[in-house]
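Trainee: I should like to learn how to read the features of a structural model. May we take them one at a time?

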Amino acid sequence: MQQSLKTSIKRLKTFLNYSRNYLRRNNPIKILQKEVTAGLKDVLSINKKRKMVKYKLKYQIHQLNQMEKLIAQNNEHVFLRGNKFNEMR
C-alpha cells in the first residue's frame, strides 16, 4: 500500500513538473494576448485592405476591357465589329 502510494505521488510530481515546464514554454496567456492584438490589427486595417482590393479589381477590369477592345478591332468577324456590319447593309 505504502509503495503504491509513493509511486503515485512520484508520478503526480513528474506530471506536475512536465505541466509546469510546458506552461512556461507555451504560455497560453501570452499566446492569447498575441492573437487578440493581431485580430485587432486586422479589424482596424480592413478598410485599407478593402480599398486596395477595390482598386486592384477596377484595374483588372480596365485591363480586360482594353484587351477585349483590341481583340474586337483586330478581328474580322462581323459579330465583334458592328461598324463593318452596318456598312455592309
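The dialogue below goes from the overall fold to individual side chains.

Mentor: Please keep in mind that this is a predicted model. Let us begin with the secondary structure.

Trainee: How many helices and how many strands are there in the chain?

Mentor: The chain has 4 helices and 0 strands. Read from the N terminus, the order of its elements is α-α-α-α.

Trainee: What percentage of the residues of the chain count as buried?

Mentor: Burial is judged by relative accessible area, with under 20% as the cut-off. Of the 89 residues, 2% count as buried. The accessible surface of the chain amounts to about 9,200 Å², and carbon and sulfur atoms account for 61% of that area.

Trainee: What should helix 2 span at 1.5 Å a residue?

Mentor: The expected span is 1.5 Å times one less than the number of residues. Helix 2 covers residues 28–44, which is 17 residues, so 24 Å is expected; the C-alpha atoms at its ends lie 24 Å apart, in agreement.

Trainee: Does helix 2 lie in the open or not, and why?

Mentor: The number of buried residues among its 17 is 0, and therefore helix 2 lies largely in the open.

Trainee: Which residues make the nonpolar surface patch?

Mentor: Leu32, Val36, Leu40, Val43 and Leu44 make this patch, with an area of about 530 Å². One of these, valine 36, is placed in helix 2. Valine 36 counts as partly exposed because its relative accessibility is 45%, and partly exposed lies between under 20% and over 50%.

Trainee: Let us turn to charge. Which residue forms a salt bridge with aspartate 42?

Mentor: Opposite charges on side chains can pair when the charged atoms come close. In this model the count is 1 salt bridge. Aspartate 42 pairs with lysine 49, and their closest N and O atoms are 3.4 Å apart. Aspartate 42 is partly exposed at 44% relative accessible area, and lysine 49 is partly exposed at 43% relative accessibility.

Trainee: Which residues form the positive surface patch?

Mentor: Arg50, Lys51, Lys54 and Lys58 form it. Among them, lysine 54 sits in helix 3, which comprises residues 46–74. With 46% relative accessibility, lysine 54 counts as partly exposed.

Notes: Residues numbered from 1 in each chain as written. Predicted model: local features only at pLDDT ≥ 70, side-chain atom pairs only at ≥ 80, totals over all residues. Heavy atoms only, no water. Helix = DSSP H or I, 4+ residues; strand = E, 2+ residues; numbered from the N terminus. Buried < 20%, exposed > 50% of the residue type's maximum accessible area, 1.4 Å probe, protein only. Patch = residues over 30% accessible without salt bridge, like charges linked within 9 Å, V, L, I, M, F, W, Y side chains within 5 Å. Areas by Shrake-Rupley, 256 points an atom, 1.4 Å probe, with all protein chains shown as cover. Salt bridge = Lys/Arg side-chain N within 4 Å of Asp/Glu carboxyl O. Lys, Arg positive; Asp, Glu negative; His and termini not counted. Charge placed at Lys NZ, Arg CZ, Asp CG, Glu CD.
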